[in-house]
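Visitor: I would like a careful walk through one part of this protein, with the wider setting sketched beforehand. Please begin with the surface and then move to the sheet and the contacts around it.

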Amino acid sequence: MSDQSPPPGWTPRDPDTPEEPGQNGPTGRGGQEGKTGKTGRAPKARRPRTGWRRFVPGWRLVLGCLLLFALLLGGALVAGYLLVDIPPANSAAIAQSNVYLYSDGSQLARDGEVNRVNVPLSQIPRTVQEAVLAAEDRDFHSERAVDPKAMLRAAWNTLMGKGKQSGSTITQQYVKNYYLGQEQTVSRKVKEFFIAIKLGREESKNHILEGYLNTSYFGRNAYGIQAAAQAYYGKDVGRLTTAEGAYLATLLNSPSAFDVVAHPQSRARAVARWNYVLDGMVKKGWMSQAERAATRFPEPGKIRPAAGLSGQRGYLVEAVKDYILDHKILDDATLAEGGYRITTTIDKRRQNAFVDAVDEEMVSELEPGTRKADRLVRAGGASIDPATGKVVAMYGGIDYTKQYVNNATRHDYQVASTFKPFVFTSAVENGSRTRDGRRITPNTIYNGDNRRPVVGSSVPFAPENEGRLSYGDITVNTATDLSVNAVYAQMAVDVGTDKVKKTAISLGIPENTPNFVSGPAMALGTMQASVLDMTQAYATLADHGRHTPYTLVEKITKEGDTVKLPDRTPLQVVSREAADTTTSMLVSVVDNGTGTAALAAGHPAAGKTGTAEQDRAAWFAGYTPDLVTVVSMMGQDPDTGTLQPLYGALGENRIGGGGYPARIWAAYTKTALEASEPEDFDLELEPGAAQSPPPLPPADTPEQSPDDEQSPGPPARPSRPTGGQNNGGQSQGGQNQGQSQGQNQGGQNNGGATNQGTDAGTSRGTDQGSTQGADQGTAQGADQGSAQGADAGADAGTTAGPQGLTQGGTTAGRRPLPEFVE
């Protein structure tokens with residue numbers, strides 16, 4: 001049987017020839033039927049993907065992946081919910097003590113037993129509960145146990161550098177406090193998530209809130225709202241006011257930082273947070289606008305430290321805690337959980353030496369029963385090894401259980417003239433010049449007249465010198481010896497106050513230091529850095545401009561694990577020439593200026609004295625090549641806590657930095673370095689900084705009277721103290737011999753015509769000579785070149801003729817009267 005013939009109109013085609021569109025229809029009319037279907041239109045051919053489109057998954061693949069991910073996530077959530085049980089209370093619910101060790105491994109202190117008293121929710125005033133919710137979780141009663149959106153938002157904010165954010169609900173925080181721990185790990189966060197969900201389904205909101213209030217850490221070793229009420233306000237939780245409850249709620253955010261008693265410098269932040277809590281209560285309708293307007297900040301009570309932290313132990317423990325928290329080594333709650341062994345950098349022998357020095361030089365002289373001003377006296381000190389940045393000793397106060405604020409770390413006293421070396425360091429570092437184009441070196445001449453208006457400042461400023469004395473034209477070196485305000489205020493403007501601030505920050509002064517404002521007055525030390533901050537900055541100078549961040553912690557371990565400490569890689573922040581040239585001038589302050597009492601340490605030393613406004617504080621910042629120590633005496637009313645002048649304290653009219661602070665420094669340094677030989681400074685000075693020894697006068701040149709006309713030229717560098725009791729005391733400081741002493745020792749050879757009158761009429765003795773010179777020489781020889789005592793001990797062994805003290809400085813470079821020496 002033969003094949004059927006094709007229908008009419010069908011065009012035969014070669015089987016090896018590809019089909020053409022419109023030619024394969026059964027009718028042979030351009031493909032009207034066949035594959036074109038009823039419409040007669042051929043489908044569009046799929047264009048192959050080219051270029052980057054080849055790498056983009058299709059929507060079917062994307063949808064499939066999303067569905068698969070959702071299935072896996074759902075399965076994981078179900079599995080997690082089924083597998084993770086609510087555990088028993090963790091060890092943190094009954095927190096352990098931390099052990100603090102000296103650098104040699106011997107025990108320094110334990111931070112006390114846990115202070116916790118659980119109370120039912122019914123005993124906690126509703127306004128206190130609402131304050132906590134306003135601070136931590138305003139939608140607690142209506143929200144789920146976990147808030148995924150808040151967690152994602154917190155993670156995003158953290159990644160974007162907006163600080164560490166918390167996306168945890170109160171339920172999650174309670175789970176962390178009571179069932180888990182404070183460690184920041186993924187596994188802990190996952191467990192927290194599932195336990196919170198399960199707990200939210202099984203327990204009431206009131207049960208969870210009660211547990212949260214009883215397990216949260218509020219600072220001052222207080223766990224739970226009842227312990228916090230007693231620690232801060234000395235009352236049971238049921239008697240707390242709304243304002244007090246809001247402050248305790250504020251502490252939950254940062255217990256250590258927001259304690260305005262322990263950290264007065266954080267008051268502004270704490271009050272801002274307190275206002276945030278109250279505003280939240282108003283927004284939620286828990287408090288009326290009228291009640292909000294009438295609410296005042298409730299001042300918390302004094303800290304009542306544990307008996308085991310008496311003496312210096314409490315100060316040291318609190319300083320170490322602050323270091324750990326400030327450097328984010330551990331957070332508040334984690335550290336409070338306890339169980340850590342913290343090896344500090346404190347050298348036990350040097351720590352004891354510091355305490356002994358303060359006791360012998362100052363505390364033993366106090367008579368608070370008979371001298372009212374002695375009740376105001378406080379002292380603080382810190383000592384750093386400049387090569388390592390380790391804090392080897394610290395003096396916080398007479399006793400942590402009596403004076404709870406650490407005087408070594410507080411930030412409410414002006415640093416005074418101890419800031420001046422930073423101005424000069426900045427001048428050398430920046431190659432600065434005077435207004436008339438002269439490079440600033442120790443030998444540069446400035447006008448030191450009292451109330452001389454600063455030139456070039458947008459802020460009018462005419463600083464007053466100590467004692468309102470004018471010095472005329474003097475070198476920077478002499479201005480440093482005598483701490484002349486007029487010179488350094490002008491120098492700060494010549495350098496640029498912003499540059500001065502930048503240099504101070506580089507040396508180690510925190511940028512957020514209170515009253516750290518750029519301006520000519522900054523040269524006089526108006527900022528309020530702590531003693532520890534100043535020790536850090538001077539340590540950078542001592543280490544030739546190399547800054548090593550200080551540390552109080554050597555090692556932290558817990559259950560065999562070691563906690564990572566921050567990196568402290570040294571960094572050259574100013575040139576060696578800038579740091580060393582500053583050191584050379586500070587050596588002169590100890591040898592010839594206001595810091596001669598430091599010579600008693602028996603080691604070559606550099607240092608600077610300072611007296612704060614209204615004599616509220618007196619400072620001595622000094623160092624040897626291998627030990628930096630700053631000591632400050634402060635005045636504070638023990639009842640009100642207000643800062644007070646030190647007039648009349650210890651029987652002195654005034655307390656200067658070169659007196660008790662310098663003597664404490666010398667006594668401590670002598671003991672601390674008793675095992676080492678005295679070491680000279682190895683200095684590399686800026687060009688033009690070194691001075692040649694003064695030339696000797698010709699043999700046939702008669703001695704020149706201090707009143708004779710002086711040859712032109714820069715004043716010479718003051719000479720090193722040479723005398724003892726006979727040279728600086730009664731025998732040569734009185735009426736009969738004061739005149740010749742001023743001419744022979746302070747005239748041609750040491751400050752007369754040959755030396756251009758730097759210290760004309762000046763001789764210097766030791767501590768014995770100064771005492772007698774102050775008591776007897778001043779009265780007997782005031783008009784004839786009498787011996788002068790030293791700034792209530794601040795300038796021990798100094799005698800001076802009065803010729804150079806005229807207002808306007810007609811005779812330059814003379815030493816001021818002792819009561820006017822800073």
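Visitor: What does the accessible surface of the protein come to, and what percentage of it belongs to carbon and sulfur atoms? After that, please look closely at the open sheet that contains strand E11.

Guide: This is a predicted model, and its accessible surface comes to about 37300 Å², with 51% of that area belonging to carbon and sulfur atoms. The protein has 822 residues, of which 52% are buried, and its secondary structure consists of 24 helices and 18 strands. Among contacts with a separation of 6 or more, 70% are between residues 24 or more positions apart.

Turning to the part you asked about, the open sheet is built from 5 strands in the order E2-E1-E5-E11-E12, and the pairing within it is mixed. Its edges are strand E2, residues 107-110, and strand E12, residues 561-562, each of which pairs on one side only. Helix H11, covering residues 313-326, packs on this sheet and touches strands E1 (99-101), E2, E5 and E11, while the direction of the helix makes about 80° with that of E2.

Inside the sheet, strand E5 (residues 341-344) and strand E11 (residues 553-558) run antiparallel and are joined by 4 bridges; in one of these pairings, Thr344 has Val553 of E11 as its bridge partner.

Strand E11 also takes part in a side-chain contact that reaches strand E7, and here a general point helps: side chains of opposite charge can pair when their charged atoms come close. Glu554 and Lys390 form a salt bridge in which the closest N and O atoms are 3.2 Å apart. Because Glu554 lies in strand E11 and Lys390 in strand E7 (residues 390-395), this pair ties together parts that are 164 residues apart in sequence. Glu554 is partly exposed, with a relative accessible area of 35%, and Lys390 is likewise partly exposed, at 26%.

Following the chain from E11 towards E12, one comes to Glu559, which lies in the loop between those two strands. The phi of Glu559 is near 50°, a positive value in a residue other than glycine, and the residue is exposed, with a relative accessible area of 72%. As background, most residues other than glycine have a negative phi. Outside the sheet in question, Asp615 offers a second case of positive phi, near 55°, and it lies in the loop between strand E14 (606-611) and strand E15 (617-624). Asp615, however, counts as buried, at 4% relative accessibility, whereas Glu559 is exposed.

The salt bridge at Glu554 can be set beside others, since a search of the whole structure finds 24 of them. One of these joins the side chains of Arg371 and Glu367, with an N to O distance of 3.7 Å; Arg371 is partly exposed, with a relative accessible area of 22%, and Glu367 is partly exposed at 40%. Another links Arg576 and Asp682, whose closest N and O atoms are 3.4 Å apart. Since Arg576 lies in helix H19 (residues 576-592) and Asp682 in the loop between helix H20 (660-672) and helix H21 (725-728), that pair ties together parts 106 residues apart in sequence. Arg576 is partly exposed, with a relative accessible area of 23%, while Asp682 is exposed, at 52%. Salt bridges with shared partners join Arg576, Asp580, Asp682 and Glu684 into one network.

Key. Residues numbered from 1 in each chain as written. Heavy atoms only, no water. Pairing = 2+ DSSP bridges. Contact = heavy atoms within 4.5 Å. Axes fitted to C-alpha atoms, helices over the stretch in contact; angles between N-to-C directions. Salt bridge = Lys/Arg side-chain N within 4 Å of Asp/Glu carboxyl O. Buried < 20%, exposed > 50% of the residue type's maximum accessible area, 1.4 Å probe, protein only. Areas by Shrake-Rupley, 256 points an atom, 1.4 Å probe, with all protein chains shown as cover.
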